Amino acid sequence: MVILTINNKTVELDISEDMPLLWVLRDLMGLTGAKYGCGIGQCGACTVHVDGKPVKSCSLPVGEIGKSSVITIEGLGNDPVAQKLLGGWVEKQPTQCGYCQPGQIMTALALLHEHERPTKEEINRALSNHICRCGTYQRVRNAIKVAIGSTDDE
């Protein structure tokens, strides 16, 4: 039996501890915000938070989570930083196909929780392990800048 805390709810699952977290989220919990991309933790489409840190859920066995709290994009709720970030996303419209966006938002949110006003270099470094097949990196950075109150578009 694996016991997890996902989006502030405790769930008990009769699964193998080797099962990747992404399978639990999507297939067992019906939380489809995190996407399956590469399956080896390289593209970032599956990014969620574990104790506030961005992790690639496709390559994280649930047995390694322990008592940590998992938050998915569906669980952002009323987090004021998340609301600012999502406002930036609405204003700058970085979404094209949208497949990578939940993962990029989760990584950007972790960055903003860690750094109230990250530099361009910190933003680039944080998002460097996300792959967007539509190439919307510039608009993603601009959306993050809106969230921190900057009007400097690239």
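Pro20 sits in the loop that runs between strand 2 and helix 1. In this predicted model, Pro20 has a relative accessibility of 18%, so with the cut-off for buried at under 20% it counts as buried. Leaving out residues up to four places away in sequence, Pro20 touches Ser57, Cys58, Leu60, Pro61 and Val62. For a sense of scale, take Pro20 and Arg117: they are 97 residues apart in sequence, and their C-alpha atoms are 33 Å apart in space.

One of those partners, Cys58, deserves its own look. Cys58 belongs to the loop between strand 4 (53–56) and strand 5 (69–71). With a relative accessibility of 7%, Cys58 is buried. What does Cys58 contact, once neighbours within four places in sequence are set aside? The list is Pro20, Leu22, Gly39, Ile40, Gly41 and Cys46.

Two C-alpha distances help to place Cys58. Gly37 and Cys58 are 21 residues apart in sequence, with 8.4 Å between their C-alpha atoms. Tyr99 is 41 residues along the chain from Cys58, with a C-alpha separation of 15 Å.

Now for helix 1 (21–28). Its buried residues are Leu21, Leu22, Val24 and Leu25. They span an arc of only 165° around the axis, so they end up on the same side of helix 1. The cover over these buried residues includes strand 1 (2–6), strand 2 (9–13), strand 3 and strand 5. After helix 1 comes Gly30, with a positive phi near 70°.

Further along, the loop between helix 1 and strand 3 (47–50) holds Tyr36, and Gly37 lies in the loop between helix 1 and strand 3 as well. Tyr36 is partly exposed at 39% relative accessible area, and Gly37 is partly exposed at 38% relative accessibility. Apart from neighbours within four places in sequence, Gly37 is in contact with Cys43, Ala45 and Tyr99. Tyr99 turns up again at the surface: together with Trp23 and Tyr36 it makes a nonpolar patch of about 270 Å².

Thr47 is in strand 3. Is Thr47 buried or exposed? It is buried, since its relative accessible area is 2%. A polar atom of the Thr47 side chain lies 2.7 Å from the backbone oxygen of Gly44. Other contacts of Thr47, not counting neighbours within four places in sequence, are with Pro54, Val55, Lys56, Gly103, Met106, Thr107 and His130.

Next, the backbone of the loop between strand 1 and strand 2, which is where Asn7 is placed. Asn8 is found in the loop between strand 1 and strand 2 too. Most residues other than glycine have a negative phi. Asn7 goes the other way, with a positive phi of about 50° although it is not a glycine. Asn8 also has a positive phi, about 70°, again without being a glycine. Their accessibilities put them in opposite classes: Asn7 counts as buried at 15%, while Asn8 counts as exposed at 63%.

Here are some of the relative accessibilities side by side.

| Residue | Relative accessibility | Class |
|---|---|---|
| Asn7 | 15% | buried |
| Asn8 | 63% | exposed |
| Pro20 | 18% | buried |
| Gly37 | 38% | partly exposed |
| Cys58 | 7% | buried |
| Glu114 | 54% | exposed |

That leaves the charged pairs. How many salt bridges does a search of the whole structure find? It finds 1. The partners are Glu114 and Lys53, and their closest N and O atoms are 3.8 Å apart. Glu114 is in helix 3 (residues 101–114) and Lys53 is in strand 4, so the pair ties together parts that are 61 residues apart in sequence. The 54% relative accessibility of Glu114 means that this end of the pair counts as exposed.

Definitions and conventions
Residues are numbered from 1 along each chain as its sequence is written. This is a predicted model: local features need pLDDT of at least 70, side-chain atom pairs count only at pLDDT 80 or more; totals for chains, interfaces and linings use all residues. Side-chain values use heavy atoms; hydrogens and water are left out. Helices (H or I, at least four residues) and strands (E, at least two) are DSSP runs, numbered from the N terminus. Buried means under 20% relative accessible area, exposed over 50%, partly exposed in between (1.4 Å probe, protein chains only). Contact means heavy atoms within 4.5 Å. Patches are made of residues with over 30% relative accessible area and no salt bridge: like charges are joined within 9 Å, nonpolar side chains (Val, Leu, Ile, Met, Phe, Trp, Tyr) within 5 Å. Accessible areas come from the Shrake-Rupley method with a 1.4 Å probe; for residues, only the protein chains shown count as cover. A salt bridge is a side-chain nitrogen of Lys or Arg within 4 Å of a carboxyl oxygen of Asp or Glu. A polar contact is a pair of N or O atoms within 3.5 Å; within protein, one must be able to donate a hydrogen and the other to accept it, and residues adjacent in sequence count only if both atoms are side-chain atoms. The arc is that of the directions from the helix axis to the C-beta atoms.
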